[in-house]
Amino acid sequence: MKTILIVEDDRRIAQNISRGLMEEGYQTEVAYEGYNGRDLALRQPFDLIILDINLPGLNGYEICRNVRAEKPHLPIIMLTALGEIEDKVEGLERGADDYLVKPFDFRELNARIATCFRRADLIDKSVADEVLRIANLEINLSTKQVKRGNTPIDLTAREFALLEYLVRNRGRVVSKMDLAEKVWSLNFDPGTNVVEVYINYLRKKMDRDFEPKLIHTRAGMGYVLKVE
């Protein structure tokens, strides 16, 4: 069940929205003041925020800016009485995904929420496609960051390419010849030990001090990345 945060100082409007959304199958939480709304948005894992602009304490523009800096993919719909083009432009430039002017029809708000969720689902799938995982190892192909659990692992470009190839071929024994050709674009020279050297680099950085061990040698055949 998706959870929606409503940041709205008009209690009647906030409660009407909350009641309508719960009837649609959403969970809701309401904040009537800007700082509290911002803190809730940053601290709890909401799926969407409905955000007024004119709020006591901290206005909606600043809340949107703060949230967008910490949670770039969290959908935000601004729901406000400010209907001038300049207001809409500023709201969207601060990071809002949509902008709805009061008074509004709840059916339109509900439709816009559904649209935001469809868009967010597409973004989540795209982000997931950019991340490779096995056990507690995570490789972000977009940012080139590698982690074991919560520990970041600093790899060179060649080490990253080698690890990526092993993870993409997880569970399959890959030969030294295969690694030399795919990672280094080299015709394999049986006399070179470049593959062994870089496998050792990887083991020291992302396997030696962590469990489970992931890189395994298959004598006379090559290497396999898997959980044993």
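**Notes on the aromatic pairs and the sheet**

1. Let's start with the rings: the count comes to two aromatic pairs. Please keep in mind as you read that this is a predicted model.

2. One of the pairs is made by Tyr26 and Phe117, with ring centres 5.8 Å apart and planes at 40°. That angle falls between the limits of 30 and 60 degrees, so the pair counts as tilted. Tyr26 sits in the loop between helix 1 (11–23) and strand 2, while Phe117 belongs to helix 5 (residues 106–129), so the pair ties together parts that are 91 residues apart in sequence. Buried or exposed, what are Tyr26 and Phe117? Both residues are buried.

3. Tyr198 and Tyr201 also form an aromatic pair, and here the arrangement is edge-to-face, at 5.1 Å centre to centre and 75° between the planes. Both tyrosines lie in helix 8 (residues 194–206), three residues apart, or about one turn of the helix. Tyr198 has a relative accessible area of 22%, so this residue is partly exposed. Tyr201 is partly exposed as well, at 36%.

4. Two charged side chains are worth a look in your viewer. Phe117, already met in the tilted pair, has Lys2 over its face, at 4.8 Å from the ring centre. Arg11 lies over the face of Tyr32, at 3.8 Å from the ring centre.

5. Now to the sheet. In what order do the five strands of the open sheet run? The order is 2-1-3-4-5, with parallel pairing. At the edges are strand 2 (27–31) and strand 5 (98–101), each of which pairs on one side only. From one strand to the next, the twist averages 20°.

6. Within this sheet, strand 1 (residues 3–7) and strand 3 (residues 48–51) run parallel and are joined by four bridges. If you would like one partner to check by eye, Val7 has Leu51 of strand 3 as its bridge partner.

7. Which strands does helix 3 (residues 60–70) touch as it packs on the sheet? Helix 3 touches strand 1, strand 3 and strand 4 (76–80), and its direction makes about 180° with that of strand 4. Helix 4 (residues 85–93) packs on the sheet too, touching strand 4 and strand 5. The direction of helix 4 makes about 150° with that of strand 5. Strand 4 is thus touched by helix 3 and by helix 4.

Methods: Residues numbered from 1 in each chain as written. Predicted model: local features only at pLDDT ≥ 70, side-chain atom pairs only at ≥ 80, totals over all residues. Heavy atoms only, no water. Pairing = 2+ DSSP bridges. Helix = DSSP H or I, 4+ residues; strand = E, 2+ residues; numbered from the N terminus. Axes fitted to C-alpha atoms, helices over the stretch in contact; angles between N-to-C directions. Contact = heavy atoms within 4.5 Å. Phe/Tyr/Trp six-rings, centres within 6.5 Å; stacked < 30°, edge-to-face > 60°. Buried < 20%, exposed > 50% of the residue type's maximum accessible area, 1.4 Å probe, protein only. Lys NZ or Arg CZ within 6 Å of the ring centre and 35° of its normal.
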